Amino acid sequence: MPQRSSPLARSPDSTRLGSDTTTRGIRITVTPRFLPEQSGEGESWQGRRWVFAYDIRITNDGAIRAKLLSRHWLIVDSDGERHEVRGEGVVGHQPDLAPGEFFEYTSSCPLGTPWGTMEGEYQFEDAHGEKFDAIVGRFFLVSPPDA
């Protein structure tokens, strides 16, 4: 099997791998990390897998209340295989954020390759009933070279 080289430095720095984007006052910061204890070979999946967690903080830096309705993720592994995920809310919640409030959560993503990317958007509805997409900037899921 050919060696897949990461597009990033050999020692991943989660602050550099993450993202920080603001759309219409909704700021979304993402900090990813590799989960070695959940990665490896196993009977419950085909072949090798690498598992990553990502911490998300959604802050309403705007002047109007906004409620998160749904999510959309685009996940791309280092072989170029794309997966899309859509669903209501995040981790079972649809946070309704007044100006200055935030919501934090952690989720995870398994990959069949040692690195990949995620990006997407959250659909929000503001206090006036207007819907808009808050962008989640691309972030990188990168395992250490020896993982």
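This report walks through a sheet and a nonpolar core in a predicted model.

## The four-stranded sheet

Let's start with the sheet. It is open, has 4 strands in the order β1-β2-β3-β7, and its pairing is antiparallel. At its edges stand β1 (19-23) and β7 (102-111); each has a single partner strand, so one side of each is left without a neighbour in the sheet. On average, neighbouring strands here are turned by 20° against each other, direction ignored.

What holds strands side by side? Strands of a sheet pair through backbone hydrogen bonds, either parallel or antiparallel.

## Following the pairs

Take the β1 edge to begin with. β1 and β2 are antiparallel partners over 5 bridges, and you can find one of these contacts by looking for Ser19, whose bridge partner in β2 is Val30. The two strands form a hairpin with 2 residues between them, where Arg24 takes a positive phi near 50°.

Now move to the other edge. Strand β3 (residues 50-60) pairs with β7 over 10 bridges, again in the antiparallel sense. Try locating Trp50 in the structure: its bridge partner in β7 is Leu111.

## The nonpolar core

Which residues touch the most other members of the largest nonpolar core? Of its 27 residues, they are Ile28, Ile56, Ile58, Trp73, Tyr122 and Phe124.

Several strands contribute to this core. Those that give two or more residues are β2 (26-34), β3, β4 (66-77), β7, β8 (115-126) and β9 (131-142). You have already met β2, β3 and β7 as strands of the open sheet.

Note on methods: Residues are numbered from 1 along each chain as its sequence is written. This is a predicted model: local features need pLDDT of at least 70, side-chain atom pairs count only at pLDDT 80 or more; totals for chains, interfaces and linings use all residues. Side-chain values use heavy atoms; hydrogens and water are left out. Two strands pair if DSSP finds at least two bridges between them. Axes are lines fitted to C-alpha atoms, for helices over the stretch in contact, and angles run from 0 to 180 degrees between N-to-C directions. A nonpolar core is a set of buried Ala, Val, Leu, Ile, Met, Phe, Trp, Tyr and Cys residues joined through side-chain atoms within 4.5 Å. Buried means under 20% relative accessible area, exposed over 50%, partly exposed in between (1.4 Å probe, protein chains only).
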